[in-house]
Amino acid sequence: MAFQHRRPWCLIAVAAAAALLLSQLMTAGLAATGPGDVAVYWGRHKDEGTLREACNASAYTTVIISFLSAFGHGTYKLDLSGHPVAGVGDDIDYCRSRGKLVLLSIGGQGGEYWLPSAQSATDVADYLWNAFLAGSSAGVARPFGGAQVDGIDFFVDQGAVEHYDVLARRLYGYNRYYRGGGITLTATPRCAYPDQRLQGALATGLFNRVHVRLFGGDLQCEWGQFDSWDKWAKAYPDSRVFVGVVASPEADDDAYMSQKDLYYGILQFAQKVPNYGGLMIWDRYYDEKNHYMV
């Protein structure tokens, strides 16, 4: 008579409990990595919920509205993927009242933007100041009403490389109108260093944060994630540098990292870098679907 070896039920239960605890600890750790900031992009999918709902998620400290997808040629377009603009202003005020940083991202993929001259860069900066920041000007509509975003994110993924430094300097110059704080400038480059489209702007030294995209099709960069990220951290020691990841394989199957892979492959090293800033999550829609951070 053959006897089948069976693991004691108590050992199976202990192993299952340990696995569950490890998963819970990993999730909790990712939600409060390093200095504790987690930024998420909102505005790419109509079904992701409202901006207010995103700000109610305790995991996020920054919400990035995306995108102002047309600029530089006298025409401006705010593309929120079908979200009604009405009500976003109230949501911005709500988010800021909860201590969330709210940014507006300019650029994106598939938009109509470029800066053909230094004057066009100046014009775009003035428009951003009057339409979304603390300024106002006759003839310039404010899509979000009186609500103000905290800063501008440069997500430049196409077009010529010139004059983004002029845009950054002009925006930074408006800080003279703030008594405290000021305009937060962030850049979200592709992970391969350097990103030619943002190199000039970042050389100004005016950017508070750099969100390095470890996704988007650059497989060489994605396979050597920490080394790729570390080049950015070393290049911009005065900026807080974020690890940018997709929240679901549906967003980018090649670049997706499980929470375990993210920690052991990147975060356990990145958290030791003095200017490590936190995580940037692409995006709210995929995060909700996959429960990556929420």
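Colleague: Which residues of helix 5 are met by helix 4?

Modeller: This is a predicted model, in which local features need pLDDT of at least 70 and side-chain atom pairs count only at pLDDT 80 or more, whereas totals for chains, interfaces and linings use all residues. Numbering starts from 1 along each chain as its sequence is written, and side-chain values use heavy atoms, with hydrogens and water left out. Helices (H or I, at least four residues) and strands (E, at least two) are DSSP runs numbered from the N terminus, and contact means heavy atoms within 4.5 Å. From helix 4, Ala 118, Ala 121, Thr 122, Val 124, Ala 125, Asp 126 and Leu 128 meet, in helix 5, Val 166, Leu 167, Arg 170 and Leu 171.

Colleague: How many charged residues does the contact of helix 4 with helix 5 have?

Modeller: Ala, Val, Leu, Ile, Met, Phe, Trp, Tyr, Cys and Pro count as nonpolar, Asp, Glu, Lys and Arg as charged, and the others, Gly among them, as polar. By these classes, the contact of helix 4 with helix 5 has eight nonpolar residues and one polar residue, and the charged residues number two.

Colleague: At what angle do the axes of helix 4 and helix 5 cross?

Modeller: Axes are lines fitted to C-alpha atoms, for helices over the stretch in contact, and angles run from 0 to 180 degrees between N-to-C directions. The crossing of helix 4 and helix 5 is right-handed (the near helix is turned clockwise from the far one by less than a right angle; anticlockwise would be left-handed). The two axes come within 8 Å, and their crossing angle is roughly 40°.

Colleague: Are helix 8 and helix 9 roughly parallel or roughly antiparallel?

Modeller: Helix 8 (residues 225-235) and helix 9 (residues 259-270) have axes that come within 9 Å and cross at roughly 30°. Angles under 35 degrees count as roughly parallel, over 145 as roughly antiparallel, 65 to 115 as roughly perpendicular and the rest as oblique. Helix 8 and helix 9 are therefore roughly parallel.

Colleague: Which residues of helix 9 make the contact with helix 8?

Modeller: Helix 8 passes helix 9 in a right-handed crossing. Helix 8 contributes Gln 225, Phe 226 and Trp 229, and helix 9 contributes Gly 265, Ile 266, Phe 269 and Ala 270.

Colleague: Why is the pair of Tyr 263 and Tyr 264 given its class, and what is that class?

Modeller: Rings of Phe, Tyr and Trp (its six-membered ring) pair if their centres lie within 6.5 Å; planes under 30 degrees apart count as stacked, over 60 as edge-to-face and the rest as tilted. The whole structure holds 25 aromatic pairs. In this one, the ring centres are 5.1 Å apart and the planes stand at 85°, so the pair of Tyr 263 and Tyr 264 is edge-to-face.

Colleague: What is the relative accessible area of Ser 120, and is the residue buried or exposed?

Modeller: Ser 120 lies in helix 4 (residues 118-131). Apart from neighbours within four places in sequence, Ser 120 is in contact with Gly 72 and Leu 115. Buried means under 20% relative accessible area, exposed over 50%, and partly exposed in between (1.4 Å probe, protein chains only). At 7% relative accessible area, Ser 120 is buried.

Colleague: Which residue is joined to Ser 66 by a cis peptide bond?

Modeller: Most peptide bonds are trans. In strand 2 (residues 62-71) lies Phe 67, a residue that ring pairs link into a cluster with Tyr 41, Phe 155, Phe 215 and Trp 282. With omega about 0°, a cis peptide bond joins Ser 66 to Phe 67.

Colleague: With which residues is Asp 79 in contact, leaving aside its neighbours within four places in sequence?

Modeller: The loop between strand 3 (77-78) and helix 3 (88-97) holds Asp 79, which is partly exposed at a relative accessible area of 26%. With those neighbours left aside, the contacts of Asp 79 are Gly 43, Arg 44, Ser 66, Phe 67 and Ser 69.

Colleague: What is the phi of His 163?

Modeller: Most residues other than glycine have a negative phi. His 163 lies in the loop between strand 6 (151-156) and helix 5 (164-173) and is partly exposed, with a relative accessible area of 23%. Although His 163 is not a glycine, its phi is positive, at about 80°.
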